[in-house]
Amino acid sequence: MPESSGVRGVRGVKSAARTVALLELLAVRGDRPARLDELAEELGVPRSSMYQLLQTLIESGWVRSDTTGSLYGIGIRALLTGTSYLDSDPHVRVVRPYLDEASDALGETIHLARLDGPDVVYLATRESHEYLRTISRVGRRVPAHAGALGKALLAERPAHELPLPPDPLPALTANTHTTRTTLLADLAHVRARGYSTDHEETVQGIAGFGFALRYDSLPTDAISCSIPVSRLTPSHETRVIAVMQETRTKIENALPSAPGSPDWR
């Protein structure tokens, strides 16, 4: 793995870059543990070097291994770091009570997510009591072009600045946009309406409505409401949009960041 140039001309540290790449790969695999040879091949690292790196990370809790020592997964230290990120973010702290309020008012699932490259990352979720889904989405990534949250944020950006992979765009369902042309047409409608819609583009059977939070000059956060299509009547849709628009206004009025908080980039 070659060394890379960092910000402001600082040359990247090869060992650090390799460690980060390994942790990110294990995180993406989730509940699919990896073998040594798989990791070495995926990252282009010699098998002996990968083994030494894994053992170092196991000792510090960043990686875990099964009882045979042949399977590797992300360790508990990653959870501690992720929790610290959420706890220290002033925007997440402010937004959480409003997610509760919207979920109570609508009886539906409400999300907060942040744009990170071509994906959105879920920062907070309030689950519907009627729609049983036990797997928390916090920390999970979804392609930005594939749902209401991401499209709400992409619509805030010029077409030439969209962080998109080349066509065909990856599809999560049969309804996901797979070309830049159809996505751009959808984003034009998002700008005209002021919110995005998701017609079973992320999960089959689930619709969504997304609203960019404009407390930054270029929004990176958005909220959404997810609803089973079986419950999405015209009257309920109208109420969802009204409540979520009101929620967005409340959040934007409660921010920007608290005085003295860092201006993260």
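Which residue's side chain does a polar contact join to that of Asp89? Here are a few points to help you find your way around.

1. **Starting at Asp89.** The answer is Arg114: a polar contact of 2.8 Å joins the side chains of Asp89 and Arg114. Please keep in mind as you read that this is a predicted model. To find Asp89, look in the loop between α4 (76–88) and α5 (90–106). Asp89 has a relative accessible area of 8% and is therefore buried, as that value is under 20%.

2. **A network around Arg114.** The link from Asp89 to Arg114 belongs to a wider arrangement, since a network of salt bridges connects Asp89, Arg114 and Asp221. If you search the whole structure, you will find 13 salt bridges. Three others are worth a visit, and they follow in the next points.

3. **Lys250 with Glu101.** These two residues form a salt bridge in which the closest N and O atoms are 2.4 Å apart. Lys250 lies in helix α8 (residues 234–254) and Glu101 in helix α5, so the pair ties together parts that are 149 residues apart in sequence. Buried or partly exposed: which is Lys250? Lys250 counts as partly exposed, at 29% relative accessibility. Glu101 is partly exposed too, with a relative accessible area of 38%.

4. **Arg231 with Glu108.** Here is a salt bridge whose closest N and O atoms are 2.5 Å apart. Arg231 lies in the loop between β9 (221–228) and α8, while Glu108 lies in the loop between α5 and β4 (109–116), so this pair ties together parts that are 123 residues apart in sequence. The two partners are set in contrasting surroundings: Arg231 is partly exposed, with a relative accessible area of 24%, whereas Glu108 counts as buried at 2% relative accessibility.

5. **Arg141 with Asp116.** In this salt bridge the closest N and O atoms are 2.8 Å apart. The pair links distant parts of the chain, with Arg141 in strand β6 (residues 141–143) and Asp116 in strand β4, 25 residues apart. Arg141 counts as partly exposed at 41% relative accessibility, and Asp116 is partly exposed with a relative accessible area of 38%.

6. **The aromatic pairs.** How many aromatic pairs does a search of the whole structure find? The search finds two. In one, the rings of Tyr195 and Phe209 have their centres 6.5 Å apart and their planes at 50°, so this pair is tilted. Tyr195 lies in the loop between α7 (180–193) and β7 (196–199) and Phe209 in strand β8 (residues 206–213), so the pair ties together parts that are 14 residues apart in sequence. In the other, Tyr195 meets Phe211: the ring centres are 5.5 Å apart and the planes are at 25°, so this pair is stacked. Phe211 lies in strand β8, 16 residues apart from Tyr195.

7. **Tyr195 and its neighbours.** Together, Tyr195, Phe209 and Phe211 form one aromatic cluster. Each member is worth checking for burial. Tyr195 counts as buried at 13% relative accessibility, Phe209 counts as buried at 2%, and Phe211 is buried with a relative accessible area of 0%. Tyr195 has a charged partner as well: the charged end of Arg193 sits over the Tyr195 ring, 5.3 Å from its centre.

Definitions and conventions
Residues numbered from 1 in each chain as written. Predicted model: local features only at pLDDT ≥ 70, side-chain atom pairs only at ≥ 80, totals over all residues. Heavy atoms only, no water. Helix = DSSP H or I, 4+ residues; strand = E, 2+ residues; numbered from the N terminus. Buried < 20%, exposed > 50% of the residue type's maximum accessible area, 1.4 Å probe, protein only. Polar contact = N/O pair within 3.5 Å; in protein donor to acceptor, adjacent residues only side chain to side chain. Salt bridge = Lys/Arg side-chain N within 4 Å of Asp/Glu carboxyl O. Phe/Tyr/Trp six-rings, centres within 6.5 Å; stacked < 30°, edge-to-face > 60°. Lys NZ or Arg CZ within 6 Å of the ring centre and 35° of its normal.
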